[in-house]
Amino acid sequence: MAGEKVVLGLSGGVDSAVAALRLLRAGHQVITLYLDVGLGGEEAAAENARRLGLEFHVAQVGDELERHVCRPFYEGYLAGRTPIPCAQCNPTVKFPALLRLADRLGARYVATGHYARVGQGRDGRAVLLRGPSSNDQSYMLARLDRDTLERVLFPLGDTPKEDIRREAEGAQLPSARKPDSMEICFIPDQDYAAWLDHRGGMPPPGNFVDREGNVLGSHKGYHHYTIGQRRGLGVSSTGRLFVTAIRPETNEVVLSHGEGLTADVVNCQGLNWLGDTPLDGQRQVSVRLRHSRTAQDALLLPLEDGRVQLRMARPARAPTPGQLAVFYEDDLVLGSGWIL
């Protein structure tokens with residue numbers, strides 16, 4: 001595979017810079033692309049490209065981000081869900097932009113600095129595999145399709161993050177000590193509720209209620225809360241209270257001492273199947289119900305209309321509508337579905 005032309009998504013961070021370095025060392029011709037969402041940051045990416053002597057391109061993706069990510073993010077919160085924008089951005093904005101430039105320049109592959117791997121399935125096609133346990137990012141990539149995976153390289157593979165930083169320092173890359181970015185790219189200050197309020201049309205303050213409907217206090221607008229939250233509620237109680245449900249139709253946020261917060265069954269819609277064998281019956285899987293390292297055992301069953309059901313081996317805490325359930329078989333990413 002050495003000597004291929006590769007389009008790499010380059011930011012100002014250490015991960016994509018080391019990904020570029022590794023592609024160069026493998027003998028590839030590397031062309032970099034910065035995705036501009038309209039909030040700056042191009043200068044740091046351009047400096048990484050200059051330091052490595054790489055061709056640098058910029059793609060304006062603000063319109064695509066608005067259509068595929070920002071508006072669904074807004075509409076999800078309005079409907080009482082908790083969206084996960086990065087998992088939506090990868091298949092609809094980021095990788096399509098990389099592939100468009102690759103096609104224009106005659107490049108066979110695209111690459112990013114994600115911590116994940118691409119392997120070969122039993123059917124001979126590309127499959128998605130976990131990255132290192134300490135910083136695996138396969139969860140956020142589980143909405144890609146297999147045609148895209150056929151053209152993707154993840155140069156960081158299964159390398160721990162601390163090794164990546166040492167490699168960047170050894171190469172004297174300017175981003176070697178830059179802090180990791182944990183932010184939503186279109187909400188750089190991470191105040192998502194203020195971002196939603198600025199767009200307008202969000203719900204007004206309403207009532208905190210218990211499971212029987214008794215009023216416990218006032219909330220700031222249900223878009224400020226998510227299932228399982230216990231901080232920042234401002235309601236006095238003899239024990240810890242948790243957000244158990246959000247009721248957009250009545251503008252209520254339901255609180256409990258933990259009752260109703262776990263589920264033995266989790267239903268999902270919008271299945272994206274990445275496995276190398278069909279989902280034509282029940283499967284034993286491990287599942288991640290949010291972007292964390294924790295996976296739980298479950299029985300996965302196909303239902304009608306592209307839906308699937310997870311029967312949890314142990315009750316799952318706070319499965320949250322709008323989040324992603326990602327199914328694994330050992331290191332293989334079998335697929336994903338949006339939690340209902």
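## Aromatic pairs

In this predicted model, the count of aromatic pairs comes to 6. One of them joins phenylalanine 73 and tyrosine 77, whose rings are arranged edge-to-face, at 5.2 Å centre to centre and with 65 degrees between the planes. Both residues belong to helix H3, where they are 4 residues apart, about one turn of the helix. An α-helix has 3.6 residues a turn, so residues three or four places apart point the same way.

Phenylalanine 73 also pairs with tryptophan 195: the ring centres are 5.6 Å apart and the planes stand at 70 degrees, which is over the 60 degrees required, so this pair too is edge-to-face. The pair links distant parts of the chain, since phenylalanine 73 lies in helix H3 and tryptophan 195 in helix H8, 122 residues apart. With a cut-off of under 20% relative accessible area, phenylalanine 73 counts as buried because its relative accessibility is 1%, and tryptophan 195 is buried as well, with a relative accessible area of 18%. Ring pairs extend these links into a cluster made of Phe73, Tyr77, Phe186, Tyr192 and Trp195.

## Helix H3 and its surroundings

Helix H3, which covers residues 62-78, bends by about 30 degrees at cysteine 70, and proline 72 follows that position within four residues. The buried residues of this helix are Glu64, Leu65, Val69, Cys70, Phe73, Tyr74, Gly76 and Tyr77, a list that holds the residue at the bend, Cys70, and both members of the aromatic pair within the helix, Phe73 and Tyr77. Their cover includes strand S3 (55-60), helix H4 (85-105) and helix H8 (192-199); helix H8 is also where tryptophan 195, the ring partner of phenylalanine 73, is found. Just after H3, glycine 80 takes a positive phi of about 85 degrees.

## Charges over rings

Tyrosine 74, one of the buried residues of H3, has the charged end of arginine 199 over its ring, 5.2 Å from the ring centre. A further arrangement of this kind involves arginine 130, which lies over the face of tyrosine 328 at 3.9 Å from the ring centre.

## The parallel sheet

What is the order of the 5 strands in the open sheet? The strands follow one another as S3-S2-S1-S4-S7, and the pairing is parallel. Strands S3 and S7 (152-153) form the edges, each pairing on one side only.

Within this sheet, strand S2 (residues 29-36) has 7 of its 8 residues buried, so the rest of the structure largely encloses it. Strand S1 (residues 5-9) pairs with S2 in the parallel sense over 5 bridges, and valine 6 stands opposite valine 30 in S2. The path of the chain from S1 to S2 passes through helix H1 (residues 14-25), and this β-α-β crossover is right-handed. Towards the other neighbour, S2 is joined to S3 by 6 bridges, the two strands running parallel, and tyrosine 34 has valine 58 in S3 as its bridge partner. Here the chain crosses from S2 to S3 through helix H2 (residues 42-52), again in a right-handed β-α-β crossover.

Strand S1 is also joined to strand S4 (residues 109-111), which runs parallel to S1 and shares 3 bridges with it. Valine 6 stands opposite tyrosine 109 in S4, as well as opposite valine 30 in S2. In a regular strand the side chains alternate between the two faces of the sheet.

Notes
Residues are numbered from 1 along each chain as its sequence is written. This is a predicted model: local features need pLDDT of at least 70, side-chain atom pairs count only at pLDDT 80 or more; totals for chains, interfaces and linings use all residues. Side-chain values use heavy atoms; hydrogens and water are left out. The bend at a residue is the angle between axes fitted to the seven residues ending there and the seven starting there. Buried means under 20% relative accessible area, exposed over 50%, partly exposed in between (1.4 Å probe, protein chains only). Contact means heavy atoms within 4.5 Å. Two strands pair if DSSP finds at least two bridges between them. A crossover is right-handed if, with the strands pointing away from the viewer, the path from the first strand over the helix to the second runs clockwise. Rings of Phe, Tyr and Trp (its six-membered ring) pair if their centres lie within 6.5 Å; planes under 30 degrees apart count as stacked, over 60 as edge-to-face and the rest as tilted. A charge sits over a ring if NZ of Lys or CZ of Arg is within 6 Å of the ring centre and within 35 degrees of the ring normal.
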